[in-house]
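Good morning, everyone, and thank you for making the time. I would like to walk you slowly through one structure, so please look at the sequence and the model as they come up.

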Amino acid sequence: MTLKTSSKINLNREPIKLEVRDSIFINLTRSICPVCKITIDAEVNVKENKVYMRKRCPEHGWFEALIFSDYEMYRDFERYNKPGDIPLEFQTSVSKGCPSDCGLCPEHKQHTCLAIMEITEMCNMKCPVCFASSGPVKGLHNKTMEEINSMIGTLERSEGVASVIMISGGEPTVHPNFLGIMQRLQEAKVKKIIINSNGLKFANSEQLCQDLADIGDNISIYLQFDGFDSKIHEYIRNDPELLPKKLQAIKNLSKYKIGINLVMTVQKGINDHEIGKVVKFMHETPAIGGLSLQPFFAEGRYTDYDPMDHTTMPDVIKAIVDQTENMYEKSDFFPIPCPYPHCSAITFSYNDPETNEFFTIPRLVNVENYLDFFRNTIMPDFNEELMDALTSIFSFSTVSGTHDMIEGFCNACGIEFNFDEVQDTLGHYLENVKMITIKPFMNSWDFDVRRIMKCCVHQVTEDNKLIPFCAYNTIYREQYQSQSMRISLDVLPKSNGDK
Ligand code: SF4
Ligand code: SF4
Ligand code: SF4
């Protein structure tokens with residue numbers, strides 16, 4: 001073959017070296033503008049094994065945020081994704097597209113595993129990091145019983161039964177009819193009730209603990225607990241004297257056998273060095289059934305946030321491993337497959353304080369085979385009972401320290417006993433089986449429509465909506481705030497970084 005040459009082409013010239021991009025493009029999704037909240041396209045890119053979101057609003061320009069600090073884990077987690085369940089009723093129709101049609105609209109991919117009911121805007125604290133912007137301000141709204149009934153009705157029509165409800169706020173215990181609402185939920189036969197609380201009222205009143213215990217043994221407290229150092233409490237909660245109050249709350253609640261799960265909000269450079277200490281405290285305290293770690297997200301009053309340098313889920317897992325002297329391993333953590341796989345990580349462990357025996361479910365059972373829903377259909381020795389046990393606890397509706405969780409754990413691990421007859425054994429496991437979850441909620445910087453469409457944690461509203469929690473916080477919360485709340489937004493302190 002003869003090569004055609006042209007006087008315009010110089011075959012002897014030096015090859016031109018094109019500049020290489022500093023990141024690898026791996027996906028295109030949709031997000032929102034952090035300023036005006038309109039829906040915009042968003043690239044997902046990988047740079048030095050970290051995953052970033054990059055997007056452009058026609059009016060407010062480019063935004064970039066770190067979304068996952070370990071690409072290997074990001075890719076690995078994507079396998080753990082199961083088909084969603086269809087709710088009995090959708091509350092809205094498809095019109096403008098996701099995320100503007102919440103919800104739930106018929107395009108939503110998962111039912112409600114965990115329903116959140118905010119019963120008050122009031123709080124007896126004024127944390128600079130509060131995403132609900134709550135505080136001790138007169139005139140903030142307490143939900144009426146009529147509104148509570150309407151919310152229960154919405155959930156019942158969507159799910160058949162209201163299975164797991166998380167009561168939140170504000171601080172739910174300051175609602176003037178707090179116990180009446182708990183009683184109403186019992187009448188509605190809600191299976192498990194979780195109360196999100198800062199614990200102050202439980203620390204101050206044993207009577208409140210007793211009254212709550214008298215209402216039912218299906219109530220657990222998710223107790224805000226950010227660490228031990230007074231500087232942490234001062235920075236995050238505006239109260240350096242908080243630790244003794246938290247410890248008193250744990251003492252009072254455990255006296256009345258009310259289940260406790262600690263909730264630690266993690267901020268880089270502020271309390272991430274105490275993650276291991278809190279994990280160990282959970283193991284040493286029989287009354288505490290679990291720990292939820294939530295990286296800070298910049299919504300509401302919290303604005304001290306560096307989108308390119310903040311704690312993401314893999315950082316929390318690494319801190320648990322490093323700070324517990326490798327008691328835990330990275331491979332102990334799996335995503336919960338109900339929502340989108342980047343929405344959570346979870347593990348269950350058993351630690352016998354007398355023998356020092358320690359194991360996690362993934363060390364006994366090949367969890368991978370059962371939670372990888374793309375793979376399990378071709379497993380030759382598929383064990384249906386094991387599958388049921390694992391899927392029953394690898395769920396957002398699992399509540400730590402409950403009979404159900406222990407039963408699922410033991411079934412998965414092949415530990416056999418009759419739960420109803422062997423109460424001592426059950427007690428032993430209730431004290432020593434622990435659940436750790438990591439929940440990286442989204443803000444408007446890292447908002448990803450893929451995650452929101454499969455969200456299974458839904459805010460129930462008084463006007464018959466079930467709104468995915470991260471969409472509620474980033475897009476919808478404002479329209480549900482009372483007039484007093486809007487006025488108070490200018491009064492309460494912004495995050496410490498703004499001072
Ligand atoms: S998040 Fe779900 S309910 Fe909301 S618009 Fe998207 S698909 Fe519909
Ligand atoms: S973060 Fe919780 S405790 Fe703090 S002000 Fe908000 S609702 Fe109250
Ligand atoms: S609340 Fe947010 S982080 Fe949790 S499952 Fe829903 S979208 Fe994912």
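Let me begin at ligand 3, whose surrounding residues, each with a heavy atom within 4 Å of the ligand, are Pro339, Cys343, Pro440, Phe441, Met442, Arg451, Ile452, Cys455, Val457, Phe469 and Cys470. Two elements, H15 and helix H16 (469-480), give two or more residues each to this shell; helices here are DSSP runs of H or I with at least four residues, strands are runs of E with at least two, and both are numbered from the N terminus. By class the shell around ligand 3 has 10 nonpolar residues, no polar ones and 1 charged, where Ala, Val, Leu, Ile, Met, Phe, Trp, Tyr, Cys and Pro count as nonpolar, Asp, Glu, Lys and Arg as charged, and the others, Gly among them, as polar.

Before going on, I should say that this is a predicted model, in which local features need pLDDT of at least 70 and side-chain atom pairs count only at pLDDT 80 or more, while totals for chains, interfaces and linings use all residues. Residues are numbered from 1 along each chain as its sequence is written, chains are lettered from A and ligands numbered from 1 in the order in which they are written, and side-chain values use heavy atoms, with hydrogens and water left out.

Ile452 also belongs to the surroundings of ligand 1, together with Cys98, Pro99, Asp101, Cys102, Gly103, Leu104, Cys105, Glu107, His108, Met453 and Pro468. That shell divides into 8 nonpolar, 2 polar and 2 charged residues.

Now to the strands, where two strands are said to pair if DSSP finds at least two bridges between them. Strand S1 (residues 24-32) and strand S2 (residues 39-47) are antiparallel partners over 8 bridges, and within this pairing Ile24 has Val46 of S2 as its bridge partner. The hairpin that S1 and S2 form has 6 residues between the strands, among them Lys37, which takes a positive phi near 70°. S2 is also joined by 6 bridges to strand S3 (residues 50-57), again antiparallel, with Asn45 opposite Tyr52 of S3. In the hairpin of S2 and S3 there are 2 residues between the strands, and Glu48 in the turn has a positive phi of about 50°.

Elsewhere there is an open sheet of 11 strands with mixed pairing, in the order S12-S11-S13-S10-S9-S8-S7-S6-S5-S14-S15. Strand S12 (358-360) and strand S15 (466-468) are at its edges and have a single partner strand each, so one side of each is left without a neighbour in the sheet. On average, neighbouring strands of this sheet are turned by 25° against each other, direction ignored, the axes being lines fitted to C-alpha atoms, for helices over the stretch in contact, with angles that run from 0 to 180 degrees between N-to-C directions. Within the sheet, S6 and S7 pair in the parallel sense over 4 bridges, and Met166 has Ile194 of S7 as its bridge partner.

What about empty space? Rolling a probe the size of a water molecule over the atoms shows where such space is left. On a 1 Å grid over the protein atoms alone, a cavity is a set of points where a 1.4 Å probe fits but cannot get out, a pocket is an open set with protein on both sides within 12 Å along at least five of seven lines, and lining residues have an atom within 4 Å of a point. Grid points are joined across faces, edges and corners, and a volume is the space filled by probe spheres set on the points.

How many cavities of 30 Å³ or more does the structure hold? There are 7, and the largest has about 690 Å³ of space. Its lining comprises 38 residues, with Phe131, Ser168, Asn196, Gln224 and Gln294 nearest the centre.

The second largest cavity, of about 200 Å³, is lined by 20 residues, of which Ile67, Thr312, Pro440, Asp446 and Arg451 lie nearest its centre. Pro440 and Arg451 were both named around ligand 3 as well.

Among the pockets, the largest has a volume of about 840 Å³, and of its 27 lining residues Asp217, Lys257, Gly259, Gly401 and Leu430 are closest to the centre. H14 gives the most to that lining, with 3 residues. To close, the second largest pocket, of about 490 Å³, has 21 lining residues, and Lys37, from the S1 and S2 hairpin, is one of those nearest its centre.
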